[in-house]
Amino acid sequence: MTGFANSAWYVAQTQTQAESKACANLARQGFEVYLPRYPRTVRHARRINVVRAPLFPSYVFVRIDLKAQGWRAINSTIGIKRLVGHEGTPAQIATDVIETLKQREKADGFSSVISPASRFKTGDAVRILKGAFDSCCGIFQARTDSERVEILLDLLGRKVKVVAGADMIELA
């Protein structure tokens with residue numbers, strides 16, 4: 001909590017993939033900043049890494065006292081595009097929204113957002129509900145991120161890996 005009595009939370013839109021840079025620059029200016037993150041699995045060159053990805057890409061939360069702080073400087077901060085608002089006035093976010101997000105954070109700093117893919121385990125029999133493979137059955141392999149999954153389908157006598165949205169499958 002900042003030392004300002006009338007401070008509230010606002011949303012700042014960042015430049016693409018510049019959330020961390022924007023947070024550092026805002027903190028340097030004396031603003032309290034909040035960037036919720038979740039664990040995201042990234043595959044690159046046959047390696048699988050878990051990275052801290054922003055829960056809301058291209059957005060950060062900033063606590064500001066509009067009367068006591070020079071908040072217009074936020075719009076010219078490196079990494080920031082603009083404060084989200086209407087007709088030159090920033091739009092306030094309810095404090096309980098931020099508090100709920102903070103409560104969902106685990107000790108490791110990751111937000112414990114429940115993803116649609118978390119209801120499946122490796123080896124579960126699943127059925128695709130829509131799309132090119134509608135009604136096909138397969139075996140759940142893994143989550144690629146919070147919304148996509150890998151499924152192993154038996155097509156034309158061989159196993160084929162298919163990536164689909166987690167909302168497009170159900171347990172068979």
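The questions and answers below go through a predicted model, from its overall make-up to single residues.

Me: How many helices and strands does the secondary structure of the protein come to?
Reply: The protein has 172 residues, of which 37% are buried. Among the contacts with a separation of 6 or more, 58% are between residues 24 or more positions apart. The secondary structure in this predicted model comto a total of 2 helices and 14 strands.

Me: Which strands stand at the edges of the open sheet that 5 strands form?
Reply: The strands of this open sheet follow the order β13-β12-β11-β10-β14, with antiparallel pairing. A strand with a single partner has one side left without a neighbour in the sheet, and so the edges are taken by β13 (158-165) and β14 (169-171).

Me: What does the twist of that sheet average from one strand to the next?
Reply: The sheet in question is the open one, in which the strands run in the order β13-β12-β11-β10-β14. From one strand to the next, its twist averages 45 degrees.

Me: Which residue of β12 is the bridge partner of Phe140?
Reply: Strand β11 (residues 137-143) and strand β12 (residues 148-155) run antiparallel and are joined by 5 bridges. Within β12, the residue that partners Phe140 is Ile151.

Me: Which residue takes a positive phi in the hairpin of β12 and β13?
Reply: These two strands pair in the antiparallel sense over 8 bridges, and Glu150 has Val163 of β13 as its bridge partner. The hairpin has 2 residues between the strands, and the residue with a positive phi, near 55 degrees, is Leu156.

Me: Is Gln69 buried or exposed, and what is its relative accessible area?
Reply: Gln69 is found in the loop between β5 (59-64) and β6 (80-83), and its side chain reaches the backbone nitrogen of Asp65 at 2.8 Å. Because buried means under 20% relative accessible area, Gln69 counts as buried, with a value of 9%.

Me: What kind of aromatic pair do the rings of Phe56 and Phe61 make?
Reply: A search of the whole structure finds 3 aromatic pairs, and ring pairs link Tyr34, Phe56 and Phe61 into a cluster. Phe56 is partly exposed at 35% relative accessible area, whereas Phe61 is buried at 9%. The centres of these two rings lie 5.8 Å apart and their planes stand at 90 degrees, so the pair is edge-to-face.

Me: What share of the accessible surface of the protein belongs to carbon and sulfur atoms?
Reply: The accessible surface comes to about 10,500 Å² for the protein. Of this surface, the share that belongs to carbon and sulfur atoms is 51%.

Methods. Residues are numbered from 1 along each chain as its sequence is written. This is a predicted model: local features need pLDDT of at least 70, side-chain atom pairs count only at pLDDT 80 or more; totals for chains, interfaces and linings use all residues. Side-chain values use heavy atoms; hydrogens and water are left out. Two strands pair if DSSP finds at least two bridges between them. Helices (H or I, at least four residues) and strands (E, at least two) are DSSP runs, numbered from the N terminus. Axes are lines fitted to C-alpha atoms, for helices over the stretch in contact, and angles run from 0 to 180 degrees between N-to-C directions. Buried means under 20% relative accessible area, exposed over 50%, partly exposed in between (1.4 Å probe, protein chains only). Contact means heavy atoms within 4.5 Å. Accessible areas come from the Shrake-Rupley method with a 1.4 Å probe; for residues, only the protein chains shown count as cover. A polar contact is a pair of N or O atoms within 3.5 Å; within protein, one must be able to donate a hydrogen and the other to accept it, and residues adjacent in sequence count only if both atoms are side-chain atoms. Rings of Phe, Tyr and Trp (its six-membered ring) pair if their centres lie within 6.5 Å; planes under 30 degrees apart count as stacked, over 60 as edge-to-face and the rest as tilted.
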